[in-house]
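Here's an informal walk through one model, from charges over rings to sheets and cysteines. Have the structure open as you read.

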Amino acid sequence: MRYSQTLIPTLKETPAEAEVVSHRLLLRAGFIRKLTAGIYTYLPMGLAAVRKVEQIVREEMNRAGAQELLMPMVQPADLWSETGRYEKYGPELLRFHDRHGRESCLGPTHEEVITDLARREIRSYRDLPINMYQIQTKFRDEIRPRFGLMRGREFIMKDAYSFDADDDAATKSYEIMYETYKKIFSRCGLEFRPVEADSGSIGGSFSHEFMVLADTGEDTLVICSSCDYAANSEKAAVAAPAVDESPMQDLEKVETPGKRKVNAVCEFMDIKASELVKTMVYKVDGGTVAVLVRGDREVQEVKLKNILGVADVEMADDKEVYDATGVPTGYLGPVGIKVKLLVDQEVAAMKNFVVGANEKNFHMRNVNIGRDFEAAEVADLRQISPEDPCPSCGATLTLKEGIEVGHVFKLGTGYSESMNAVFQDADGQDKHMVMGCYGIGVSRIVAAAIEQNHDENGMIFPMALAPVQVVLLNLGLKDAEITAAAESLYKDMQSQGVEVLFDDRDERPGFKFKDADLLGIPLRITVGKRLTKDGVIELRQRKDGTTEELSPEKIIERVLELIQTEMGHG
């Protein structure tokens with residue numbers, strides 16, 4: 001393609017809306033433009049990068065035996081009601097009525113649609129296993145869309161669904177997809193890590209996220225320094241602590257005038273935050289629960305949701321706390337409390353701790369579980385910390401930031417049972433299909449690759465994801481010999497299958513160099529005065545700045561060699 005005939009509207013200044021590196025550079029390089037909150041138009045270069053991801057995904061999914069189809073984005077509410085997700089999914093599901101009053105939604109995912117297809121078309125165990133996938137636009141009505149393609153409302157996703165005759169076969173399908181995902185992300189040139197994850201609104205017995213390691217990631221990963229354990233912090237299990245065997249001390253009520261915050265109470269009572277227990281109130285399905293965690297810990301709300309078996313929890317505000325307990329925030333404690341009480345396992349192992357006295361300006365010292373109050377349930381409810389040992393081997397943990405680019409779920413029979421998706425086994429008995437589902441954020445991969453690969457001058461695309469492989473600069477538009485050589489090189493590269501952007505614009509050299517760096521194209525060929533003076537053309541690699549000077553006859557051979565080397569590393 002010729003730069004002069006391609007829409008690549010680069011920007012010198014960073015748009016005010018851009019919050020992270022990928023968002024800033026995608027806008028500045030003219031890859032995307034915002035239509036409205038969380039919804040973007042993909043311009044030619046942006047779409048070309050997305051298509052590169054799609055190509056890799058298709059090749060590996062097809063190689064794994066999956067079959068591509070395309071399902072509707074508009075889905076009838078009736079299907080979602082069969083699984084109960086129409087009510088549970090929350091406001092991210094965009095619901096609407098058509099002109100006949102029929103209720104529908106825009107698909108954020110397609111479990112119901114694919115299960116409906118399977119129950120209609122799959123009859124026998126001979127039809128299994130089967131894995132079907134699509135690459136399609138999804139819509140989730142995020143309350144705060146941000147970070148450009150990282151968390152938009154409309155995005156491009158690959159979602160696949162496997163159907164098997166039994167649990168062992170479903171596990172095998174899951175393992176095939178797990179390995180396929182590793183191949184996909186390796187080919188994309190990404191530094192990634194699979195981690196144990198929470199299954200969220202999709203459901204299922206277990207799942208893994210594939211995380212790209214990047215400082216701007218929205219998720220925190222917990223990684224063991226010794227063994228293979230890795231998990232999202234939402235899922236990361238905290239090892240059960242040793243029980244404090246100290247004798248119980250006498251309960252004591254202490255006046256703490258105006259001391260509501262953990263730090264203030266600890267300073268006033270001359271104790272550490274680890275000796276105090278917080279009572280946190282959460283709203284759950286129209287009611288409230290109280291959660292006890294150590295003063296220096298935080299409740300992991302995903303763990304809390306899973307323990308309670310609810311779709312969502314929300315911390316109560318001061319008024320809601322008072323309405324539920326009759327106690328002002330900051331003085332709440334477990335002794336005599338009237339709401340359901342969940343206790344973190346770490347608190348259950350403690351002795352003689354400090355809590356609120358359920359009376360303004362008072363706390364209690366030497367409180368003990370079992371003697372002074374009872375728990376409705378004891379569980380792992382807190383956020384893991386770097387000081388915690390690995391739950392698998394006991395070694396040191398490291399916390400890193402990551403961007404989720406893929407997620408694999410073993411769903412089991414939850415969807416097939418609720419939607420009655422059955423097949424006949426070898427004995428003629430009806431059995432529910434065992435399902436798995438597997439998602440990849442296609443457009444998000446482009447953003448994640450930029451977060452991992454950039455410098456102060458712009459993007460640095462891995463060869464596999466670059467919208468084109470080479471940018472060819474003509475720095476002598478008024479010189480017939482230079483122009484003829486550049487034109488010849490352009491046509492020769494195209495004839496040999498090299499993807500090239502020919503910068504034939506009448507602009508200053510510095511301007512062209514800056515745009516080439518901003519676009520992040522792996523190889524830059526410069527045809528200028530060195531050709532007429534010394535008979536050489538410059539070839540520069542974007543990732544490390546390596547520069548070579550080669551004769552026109554050798555340049556394409558070297559370009560093909562570099563492309564082959566880079567693609568071979570994927």
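A charge sits over a ring if NZ of Lys or CZ of Arg is within 6 Å of the ring centre and within 35 degrees of the ring normal. With that in hand, take a look at Arg-95: its charged end sits over the ring of Tyr-86, 4.8 Å from the ring's centre. Lys-253 does this too, lying over the face of Phe-362 at 4.8 Å from the ring centre. Keep in mind that this is a predicted model.

**The overall picture**

The chain has 570 residues, and 51% of them are buried. It holds 16 helices and 31 strands, and its C-alpha trace spans about 95 × 70 × 50 Å along the principal axes. If you take the contacts between residues at least 6 apart in sequence, 68% of them join residues at least 24 apart.

**Aromatic rings**

There are 11 aromatic pairs in the structure. Two of them share Phe-210, and here they are side by side:

| Pair | Distance between ring centres | Angle between planes | Separation in sequence |
|---|---|---|---|
| Phe-185 and Phe-210 | 5.6 Å | 40° | 25 residues |
| Phe-192 and Phe-210 | 6.4 Å | 40° | 18 residues |

Why is the Phe-185 and Phe-210 pair called tilted? Planes under 30 degrees apart count as stacked and those over 60 as edge-to-face, so with its planes at 40° this pair is tilted. The Phe-192 and Phe-210 pair also has its planes at 40°, so that one is tilted as well.

As for where the rings come from, Phe-185 belongs to helix α6 (residues 167-187), while Phe-210 is in strand β10 (residues 206-213). The pair they make links distant parts of the chain. Phe-192 lies in strand β9 (residues 192-197), so its pairing with Phe-210 ties β9 to β10. Phe-185 and Phe-210 are both buried, and Phe-192 is buried too. These three phenylalanines join Tyr-178 and Tyr-181 in one aromatic cluster.

**A five-stranded sheet**

Next, follow an open sheet of 5 strands, ordered β16-β14-β15-β17-β20, with mixed pairing. Which strands sit at the edges? They are β16 (314-315) and β20 (377-379), each of which pairs on one side only. Further in, strand β14 (residues 277-284) runs antiparallel to strand β15 (residues 287-294), and 8 bridges join the two. One place to look is Val-277, whose bridge partner in β15 is Arg-294.

**Both ends of a helix**

Helix α9 covers residues 318-325, and Asp-317 caps its N-terminal end. The cap comes from a side-chain oxygen of Asp-317, 3.2 Å from the backbone nitrogen of Lys-319. Just after α9 comes Gly-326, which takes a positive phi of about 75°.

**Cysteines**

How many disulfides does a search of the whole structure find? The count is 0. A disulfide needs two cysteine sulfur atoms within 2.5 Å. For Cys-105, the closest cysteine sulfur is in Cys-437, 16 Å away, so it is too far for a bond. Cys-105 counts as buried because its relative accessibility is 0%. Cys-266 is buried as well, with a relative accessible area of 7%.

Note on methods:
Residues numbered from 1 in each chain as written. Predicted model: local features only at pLDDT ≥ 70, side-chain atom pairs only at ≥ 80, totals over all residues. Heavy atoms only, no water. Polar contact = N/O pair within 3.5 Å; in protein donor to acceptor, adjacent residues only side chain to side chain. Helix = DSSP H or I, 4+ residues; strand = E, 2+ residues; numbered from the N terminus. Buried < 20%, exposed > 50% of the residue type's maximum accessible area, 1.4 Å probe, protein only. Pairing = 2+ DSSP bridges. Phe/Tyr/Trp six-rings, centres within 6.5 Å; stacked < 30°, edge-to-face > 60°. Contact = heavy atoms within 4.5 Å.
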